[in-house]
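Visitor: I should like a close look at a single part of this model, namely the surroundings of the ligand. Please then relate that part to the cysteines and to the aromatic rings.

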Amino acid sequence: MAATPIYNFSAGPAILPPEVFERAAEAVRELRADGHAPGAPGIGLSLLEISHRSKPFAAVHEAAIALSHEVLGIPDTHEVLLLQGGASLQFAMVPLNFATPGAKLCYADTGAWSSKAIKESREIAAGGRGHETVVVSSAKQSGYDHIPALPALPADATYLHLTSNNTIYGTEYATMPEVDVPLVVDASSDIGSRPMGLERAAIGYAGAQKNLGPSGVTLVWIDRSWLEREVPAGVPNILRYKTHADAGGLFNTPNTFGVLVLELVLEWVKAHGGVEAMAARNMAKADALYAALDGSSLYVPHARADSRSRMNVTWTLGGAPEAEREALTKRFLSEAAAAGLDGLKGHRSVGGCRASIYNAFPVEGVTKLVDFMAEFERKA
Ligand SMILES: Cc1ncc(COP(=O)(O)O)c(C=O)c1O
């Protein structure tokens, strides 16, 4: 244990609740029966050494899926799958399964991750699928500093793909847009952070490594009616949603550890008041940080006020002449790290700083950062 607490602002893999670390460590030593229920008897084996088809793991898997519905509000009309391959695999799997000749796959381009999703749809089109990739809105021209308004969408669009929170740029849809076409949502970096209308997505996905658990497990939810659509020939079985759904989510060996941790994180969210309570806490943390940025003449927030993320707060250091800014930013980051404020370096494509304040991030860490920033500015 470090002598002074380290506040972990990493964008992902990211901070998880200490209770989850404890319970996960215990399950690695010895899994308990009934989905690792507290008080249940130990099974005499580690979670890491049992079959994914064994009864003890089935209980963990079932509990993870049940809690995804209950805690995250994913309706029973949707199949929940816990897949591998990260959110990035979903960028490809969605068009692979649903791009048919003449189809219009619409995308809102709100940052690097949206762009990657768009690229995959285009790549699949280049292979001769005959669909169109339509970028309906983009914030690229202004450095992805806001969520652009959506224009009228083609009535026959197969779907509109959105990235609900843009981890790198620090922008977020305040609410899920009301549109007349099916939504596909990448909620990797704000899932579980607030009630966000996940039920409105025909397909949604989230890499677990920010708000849900470790890397290597991706929560996917898909309207069952979409599982009945004909998938174009040539798509390998493992890349078809129906394959996974038909096999009860166990078509191949899942990330068993990841599934357990996801289950434990959802239990933690539930025990701490659910996504509504997360939202209140997250709002208080984000408000404190944005107030510090807005009240400063040194720090410059990246995101426009109407598009600000409650999960990833991004800023650069202004004030100093251009040539000195980089050195000043480096000094800010190294002094922050020395003060126990870790992981504040902005993504290389934006520079500056980024504070990722996911569900498990404590309010005290934000207070400490705000105090540090004020002190740094006073001395600068
Ligand atoms: C919004 C968003 N989408 C997709 C990804 C890619 O996730 P993965 O690395 O799990 O493929 C990330 C990763 O940070 C992300 O933040």
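Guide: The model is predicted, and it holds zero disulfides. Two of its cysteines may be placed by their accessibility before we turn to the ligand. Cys106 has 0% relative accessibility and therefore counts as buried, since the limit is under 20%. Cys353, at 1% relative accessibility, likewise counts as buried.

The ligand itself is surrounded by 13 residues, of which Ser88, Thr167, Asp186, Gln209 and Lys210 come nearest. By class, this shell divides into eight polar, three nonpolar and two charged residues. Helix 4, which spans residues 86–98, supplies the largest share of the shell, namely four residues.

Individual contacts add detail to this picture. A nitrogen atom of the ligand lies 2.6 Å from an N or O atom in the side chain of Asp186, a residue already listed among those that come nearest. Oxygen atoms of the ligand take part as well: one is 3.2 Å from a polar backbone atom of Ala87, and a polar side-chain atom of Trp113 is 3.3 Å from an oxygen atom of the ligand. On its own the ligand has 390 Å² of accessible area, and the protein covers 85% of this.

From the ligand we may pass to the aromatic rings. The model contains 13 aromatic pairs. In one of them, the ring centres of Phe9 and Phe361 are 4.4 Å apart and the planes meet at 40°, so this pair is tilted. Phe9 belongs to the loop between strand 1 (7–8) and helix 1 (18–29), whereas Phe361 belongs to the loop between strand 14 (353–356) and helix 11 (363–379); the pair therefore ties together parts that are 352 residues apart in sequence. Phe9 and Phe361 are both buried.

A second pair leads back to helix 4, the helix that gives the ligand shell its largest share. Phe98 and Trp226 form an edge-to-face pair, with 4.9 Å from centre to centre and 80° between the planes. Phe98 lies in helix 4 and Trp226 in helix 6 (residues 224–227), so that distant parts of the chain, 128 residues apart, are linked by this pair. Both Phe98 and Trp226 are buried.

Finally, ring pairs also join into a cluster, whose members are Tyr299, Trp315, Phe332, Phe372 and Phe376.

How values were computed. Residues are numbered from 1 along each chain as its sequence is written. This is a predicted model: local features need pLDDT of at least 70, side-chain atom pairs count only at pLDDT 80 or more; totals for chains, interfaces and linings use all residues. Side-chain values use heavy atoms; hydrogens and water are left out. A disulfide is a pair of cysteine sulfur atoms within 2.5 Å. Buried means under 20% relative accessible area, exposed over 50%, partly exposed in between (1.4 Å probe, protein chains only). A residue is near a molecule or strand if one of its heavy atoms lies within 4 Å of it. A polar contact is a pair of N or O atoms within 3.5 Å; within protein, one must be able to donate a hydrogen and the other to accept it, and residues adjacent in sequence count only if both atoms are side-chain atoms. Accessible areas come from the Shrake-Rupley method with a 1.4 Å probe; for residues, only the protein chains shown count as cover. Helices (H or I, at least four residues) and strands (E, at least two) are DSSP runs, numbered from the N terminus. Ala, Val, Leu, Ile, Met, Phe, Trp, Tyr, Cys and Pro count as nonpolar, Asp, Glu, Lys and Arg as charged, and the others, Gly among them, as polar. Rings of Phe, Tyr and Trp (its six-membered ring) pair if their centres lie within 6.5 Å; planes under 30 degrees apart count as stacked, over 60 as edge-to-face and the rest as tilted.
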